[in-house]
Amino acid sequence: QVQLVESGGGLVQAGGSLRLSCAASGGTFSSWSMGWFRQAPGKEREFVGAIKLNTISTNYADSVKGRFTISRDNAKITVWLQMNSLKPEDTAVYYCAMSRIYPTTQKSDYNYWGQGTQVTVSS
């Protein structure tokens, strides 16, 4: 059974940094991609970025480009979302998810989801 477990959320001041991690287990993921989404209260879940696990290819939403970076470990089963220059509008629950499709920003293309981790950015 595929499981994704996020960690690393918390409270940070505007301009600060946080690093989220997502650990995947229960499957073989070499040809998959892992994406990050976020959902703020009262808003739709939105795409943040994604990485193709067997390459270094990444793509990002315009709202985070240049501030957020996605990377993975050599075993390709842990993915990190490094978030720098955080803004209050980055406050949301962040989810990692896995897809066989890359690149894609569509939630419906992602088959497995983590439980989410809260990121709060104070002004």
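Is E46 buried, exposed or partly exposed? In this predicted model, E46 counts as partly exposed, at 35% relative accessibility. The side chain of E46 meets that of R38 in a salt bridge, with an N to O distance of 2.6 Å. R38, by contrast, is buried, its relative accessible area being 6%. The pair therefore joins a residue that is buried to one that is partly exposed. Both residues also belong to a network of salt bridges in which R38, E46, R67 and D90 are linked.

The count of salt bridges comes to five. One of them is formed by the side chains of E44 and K107, at 3.9 Å from N to O. E44 is located in the loop between β4 and β5, and K107 in the loop between β9 and β10 (110-113), so this salt bridge ties together parts of the chain that are 63 residues apart in sequence. E44 is exposed, with a relative accessible area of 64%, whereas K107 is partly exposed at 35%. A further salt bridge is made by the side chains of D62 and K65, with 3.1 Å between N and O. D62 is exposed, and its relative accessible area is 66%.

Strand pairing was examined next for β4. Six of the seven residues of β4 are buried, and this strand is therefore largely enclosed by the rest of the structure. β4 pairs with β5 in the antiparallel sense over six bridges, and M34 has I51 in β5 as its bridge partner. The two strands form a hairpin with six residues between them, and G42 in the turn has a positive phi of about 75°. β4 also pairs with β9, again in the antiparallel sense, over seven bridges. Here the bridge partner of G35 is A97 in β9.

The largest nonpolar core contains 34 residues, of which M34, W36, L81, M83 and Y94 touch the most other members. Two or more residues of this core are given by each of β3, β4 (33-39), β5, β7 (68-72), β8 (78-83), β9 and β11 (117-122). The largest share, five residues, comes from β9.

The model contains one disulfide. It is formed by C22 and C96, whose sulfur atoms are 2.0 Å apart. This pair links distant parts of the chain, with C22 in strand β3 (residues 18-25) and C96 in strand β9 (residues 92-99), 74 residues apart. The torsion about the S-S bond of C22 and C96 is about 60°, and the disulfide is therefore right-handed. Both cysteines, C22 and C96, are buried.

The surroundings of S57 were also considered. S57 is placed in the loop between β5 (46-52) and β6 (58-60). With a relative accessible area of 32%, S57 is partly exposed, because this value lies between the 20% limit for buried residues and the 50% limit for exposed ones. When neighbours within four places in sequence are left aside, S57 is in contact with A50, I51, K52 and Y102. Of these contacts, I51 is also the bridge partner of M34. The C-alpha atoms of S57 and I70 are 9.6 Å apart in space, and the two residues are separated by 13 residues in sequence.

Note on methods
Residues are numbered from 1 along each chain as its sequence is written. This is a predicted model: local features need pLDDT of at least 70, side-chain atom pairs count only at pLDDT 80 or more; totals for chains, interfaces and linings use all residues. Side-chain values use heavy atoms; hydrogens and water are left out. A disulfide is a pair of cysteine sulfur atoms within 2.5 Å. Helices (H or I, at least four residues) and strands (E, at least two) are DSSP runs, numbered from the N terminus. Buried means under 20% relative accessible area, exposed over 50%, partly exposed in between (1.4 Å probe, protein chains only). Contact means heavy atoms within 4.5 Å. A nonpolar core is a set of buried Ala, Val, Leu, Ile, Met, Phe, Trp, Tyr and Cys residues joined through side-chain atoms within 4.5 Å. A salt bridge is a side-chain nitrogen of Lys or Arg within 4 Å of a carboxyl oxygen of Asp or Glu. Two strands pair if DSSP finds at least two bridges between them.
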